[in-house]
Amino acid sequence: MKTEPKLEFAEPSPYDRYVHASTLTSLQQPWSDDPAEMAFLITTQVMELWFTLLVHEWRTARDALRQDRLGDALAALRRSQPQLKALNASWQPIASLTPGQFNSYRSALGEGSGFQSAMFRQLEFVLGDKSASLLQPHKAVPQVHRELEKALHEPSLYDEVLSYLHRRGFAIPQEVLDRDVSQKYQEHPGVEAAWAEIYQDPRHDDLVTLGEALTDVAELVGRWRTDHLLATRRAMGAKPGTGGSAGVAWLEKRANKVVFPELWTARSHV
């Protein structure tokens, strides 16, 4: 017996009530008459959704480690890897623009800059890249400011990783465990030594798996920063960025930053 899909509903379709597609597709409001701006706007909005998902996954991993649930933490980290790849692929539509195409609507952005993204700031904070000054652009929106301030003072994913290693018996230095988590994480030779010990001992295969999952995330974050730099350099050269940033010069500094640094340096000692 042939079954036909249901086509009539007394209210918005179940799909729309779940996905809110009609809301999502009504949020595109270009600030210029240039038809190419739509691609830039939607790509940027898609990036914000990926930021939101990645923050969710990394907080899930962080909270699982706090409760010694390594399996759940690994599952969240693994889920985040294809999500990060999809986020990184979002640069392709922007990187394909010629300088003339980008400049045709760039002035409409005014002082707007991705640097002002609150969700991207949440993403950086959960990775341990923190600075109280970065809350400043959000003071005019109290709820967003409160959420960022809360995130600033919460342990990062890596903070919880190191606390977990400490509970597993590794000599994580006390000054690292007791550090002010509202400050940017600084690499420590004692942490490097702990990772080197883990990687050299086959009894710690589960922790090697954790280290590799974190390294995969760190590598993909590094590629995000590099792709951002290259897309910007290609679209606008060395001109100053919107919002008063130094543009490519600032992105070059960001591209050189390494996430979870001791997971990289420890490999020289294995």
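**Exercise 1. Contacts of W58**

Task: In this predicted model, determine which residues W58 is in contact with, leaving aside its neighbours within four places in sequence.

Solution.
Step 1. Once neighbours within four places in sequence are left aside, the contacts of W58 include L77, S80 and L84.
Step 2. The list continues with L123, V126, L127 and L157, and it ends with V217 and V221.
Step 3. W58 also belongs to the largest nonpolar core, where W58, L165, W195 and F260 are the residues with the most contacts inside it.

**Exercise 2. The nonpolar cores**

Task: State how many residues the largest nonpolar core has, and identify the elements that give two or more residues to this core.

Solution.
Step 1. The largest nonpolar core comprises 59 residues.
Step 2. Two or more of its residues come from each of α3, α4 (70-89), α5 (91-95), α6 (99-106), α7, α9, α11 and α12 (205-236).
Step 3. Helix α12 supplies the largest share of this core, namely 13 residues.
Step 4. Another core lies apart from it and has five residues, among them L135, L148, A151 and L152.
Step 5. As background, nonpolar side chains tend to be buried together in soluble globular proteins.

**Exercise 3. Classifying aromatic pairs**

Task: Decide whether the pair F51 and F120 is tilted, stacked or edge-to-face, and explain what the pair ties together.

Solution.
Step 1. The structure contains eight aromatic pairs.
Step 2. For F51 and F120, the ring centres are 5.2 Å apart and the planes stand at 50°, so this pair is tilted. The cut-offs behind this step are under 30 degrees for stacked and over 60 for edge-to-face, with the rest counted as tilted.
Step 3. F51 belongs to helix α3 (residues 37-66) and F120 to helix α7 (residues 118-126), so the pair ties together parts that are 69 residues apart in sequence.
Step 4. F51 has a relative accessible area of 5% and is therefore buried. F120 has a relative accessible area of 13% and is likewise buried, because buried means under 20%.
Step 5. A further aromatic pair, Y158 and Y185, has 5.1 Å centre to centre and 85° between the planes, and is edge-to-face. Y158 is in helix α9 (residues 157-167), whereas Y185 is in the loop between α10 (174-177) and α11 (189-200); the two are 27 residues apart. Both Y158 and Y185 are buried.
Step 6. One aromatic cluster is formed by F51, W91, F120 and W224. In addition, the charged end of R267 sits over the ring of W264, 6.0 Å from its centre.

**Exercise 4. Helix α11 and I198**

Task: Test whether the span of α11 agrees with 1.5 Å a residue, and describe the surroundings of I198.

Solution.
Step 1. The twelve residues of α11 should span 16 Å at 1.5 Å a residue; the end C-alpha atoms are 16 Å apart, so the two values agree.
Step 2. The buried residues of α11 are G190, V191, E192, A194, W195, A196, I198 and Y199. Their cover includes α9, α10, α12 and α14 (262-265).
Step 3. I198, a residue of helix α11, has 0% relative accessibility and therefore counts as buried.
Step 4. With neighbours within four places in sequence left aside, I198 is in contact with L165, F170, H204, L207 and V208.
Step 5. V258 is 60 residues from I198 in sequence, and their C-alpha atoms are 20 Å apart in space.

**Exercise 5. The place of H188**

Task: Locate H188 and specify the side chain joined to that of H188 by a polar contact.

Solution.
Step 1. H188 is found in the loop between α10 and α11.
Step 2. The side chain of H188 is joined to that of E175 by a polar contact of 2.9 Å.
Step 3. Not counting residues up to four places away in sequence, H188 touches P173, E175, V176 and E262.

**Exercise 6. The protein as a whole**

Task: Report how many helices and strands the protein has, and compare the reach of α12 with the expected value.

Solution.
Step 1. The protein has 14 helices and zero strands.
Step 2. Helix α12, of 32 residues, reaches 46 Å from its first C-alpha to its last, close to the 46 Å expected at 1.5 Å a residue. After α12 comes G237, with a positive phi near 65°.
Step 3. The C-alpha trace spans about 65 × 60 × 35 Å along its principal axes.
Step 4. Of the 270 residues in the protein, 43% are buried.
Step 5. Among contacts with a separation of 6 or more, 71% are between residues 24 or more positions apart.

Definitions and conventions
Residues numbered from 1 in each chain as written. Predicted model: local features only at pLDDT ≥ 70, side-chain atom pairs only at ≥ 80, totals over all residues. Heavy atoms only, no water. Phe/Tyr/Trp six-rings, centres within 6.5 Å; stacked < 30°, edge-to-face > 60°. Helix = DSSP H or I, 4+ residues; strand = E, 2+ residues; numbered from the N terminus. Buried < 20%, exposed > 50% of the residue type's maximum accessible area, 1.4 Å probe, protein only. Lys NZ or Arg CZ within 6 Å of the ring centre and 35° of its normal. Core = buried A, V, L, I, M, F, W, Y, C linked by side-chain atoms within 4.5 Å. Contact = heavy atoms within 4.5 Å. Polar contact = N/O pair within 3.5 Å; in protein donor to acceptor, adjacent residues only side chain to side chain. Expected span 1.5 Å × (residues − 1).
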